[in-house]
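Visitor: I have a model open here and would like to talk through its aromatic rings and helix packing. Could you take me through it?

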Amino acid sequence: MMATAGPGTIMRSEIAASIEVVHRLVSDRARLEAIGVRLSDRRPTVIVVAGRGTSDHAAIYARYLLEHAVGVPVALAAASLVTQYGIETTSPDSALIAFSQSGAGPDMIALVESARRRGAFTIALTNDAASPLALAADVTAHLAAGEERAVAATKTYIAELVCIALIAAAAARALGRDAAWANELPQLPERMRGALAAADAWIRSNGDGSIFRGLLAADRALVVGRGFEFPNALELALKLRETTGAFGAGYSAADLLHGPIASAGDGVPALLLSTEAATMESMEVARQRLTAAGSPTITLRAAGGASDGTSIRLPDGPAGPLSAPVTAIAGLALVEAIATGRGRNPDAPAGLTKVTKTL
């Protein structure tokens, strides 16, 4: 079956729409940078981040980025300690950032209310500026992504990544720390446009190839990244589970070798996210181990020559934190093509709803 690339599903149109969303966020960066300055003014000794599902993966990106940018420990909140056990641990010298696209998750709201009661600085990152989460927090970072109709979140995920990048860059500069990685933010929409075009071209050219046909036939798949690409590995694996019917598992390249590599083999394709010089050696070791185990691999990469049958070459640009939105748009386009190629409707996966409320 020849794969096609381009508009068709709502999910695909919203993936493409994320480019304009990012353009708006970068153009309106002052409001998000002001939140970063307020965060720096509080001089938190620890930052806590929290989310569920896709927003959890954006929070993990924030964990990496804020620790890099602000220079303090960043931890993932255990929401169940508050909602199920009544244990509150946030301190006045900490900050809490809660990620929720809908802003309606009771557990995220409870976390923010608990942290604020205990004197912490609280930030809500949400696509609904009038949501209960936004009202509960000291300040709201509005994603301004517009309505997202497909159940599988795409443009809101990318918006979360870019919002936290703008906040982190402003906080770093206010603290006198290096934020040179953020200088290329204005070029981010065009890099994303190029990445989407590269993914589409690869799908058109390789839709009848063994790698893509293997992705269509597989009931399991691995997604591997490291550093700033690890959250994308988790998110793309989730999207595979949500939209294709295959079981996707996301791993750090380091963690993969500590046991999960045993699940590799013929019929278990692997998608590798290798865009950073800092982690490229680790990713190449993972690729070699996966290949030796028999797993067909496709790599999203930012070095070397043109795309080929086993890799998609992404546009040139800065490595580090800003590689994440670029890789995300290409990876999401690939997942959508796998879903439709398998005869699935990625806009409304069975058993899922757009807003999931957990306590």
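**Aromatic rings and a helix pair**

Guide: Gladly; please keep in mind that this is a predicted model. A good place to begin is Y61, which is buried, with a relative accessible area of 1%.

Visitor: And F228, buried or exposed?

Guide: F228 is buried, its relative accessible area being 11%, which falls under the 20% cut-off.

Visitor: How many aromatic pairs are there in the structure?

Guide: The structure holds 4 aromatic pairs. In one of them, the ring centres of Y61 and F228 lie 6.4 Å apart with the planes at 70°, and because an angle over 60 degrees counts as edge-to-face, that is how this pair is classed.

Visitor: Which parts does that pair tie together?

Guide: Y61 belongs to helix 3 (residues 54–70), whereas F228 sits in the loop between strand 6 (220–225) and helix 10 (230–244), so the pair links parts that are 167 residues apart in sequence. Y61 and F228 also form one aromatic cluster together with Y64 and F230.

Visitor: Switching to the helices, how do helix 3 and helix 10 pack?

Guide: Their axes are 8 Å apart and meet at an angle of about 170°, which makes helix 3 roughly antiparallel to helix 10.

Visitor: Which residues meet there?

Guide: From helix 3, T54, H57, I60, Y61 and Y64 meet F230, P231, L234, E235, L238 and K239 of helix 10. The residues of this contact divide into 7 nonpolar, 2 polar and 2 charged.

Visitor: One last thing: what lies over the face of F247?

Guide: That is R241, at 5.7 Å from the ring centre of F247.

Key:
Residues are numbered from 1 along each chain as its sequence is written. This is a predicted model: local features need pLDDT of at least 70, side-chain atom pairs count only at pLDDT 80 or more; totals for chains, interfaces and linings use all residues. Side-chain values use heavy atoms; hydrogens and water are left out. Rings of Phe, Tyr and Trp (its six-membered ring) pair if their centres lie within 6.5 Å; planes under 30 degrees apart count as stacked, over 60 as edge-to-face and the rest as tilted. Helices (H or I, at least four residues) and strands (E, at least two) are DSSP runs, numbered from the N terminus. Buried means under 20% relative accessible area, exposed over 50%, partly exposed in between (1.4 Å probe, protein chains only). A charge sits over a ring if NZ of Lys or CZ of Arg is within 6 Å of the ring centre and within 35 degrees of the ring normal. Axes are lines fitted to C-alpha atoms, for helices over the stretch in contact, and angles run from 0 to 180 degrees between N-to-C directions. Angles under 35 degrees count as roughly parallel, over 145 as roughly antiparallel, 65 to 115 as roughly perpendicular and the rest as oblique. Contact means heavy atoms within 4.5 Å. Ala, Val, Leu, Ile, Met, Phe, Trp, Tyr, Cys and Pro count as nonpolar, Asp, Glu, Lys and Arg as charged, and the others, Gly among them, as polar.
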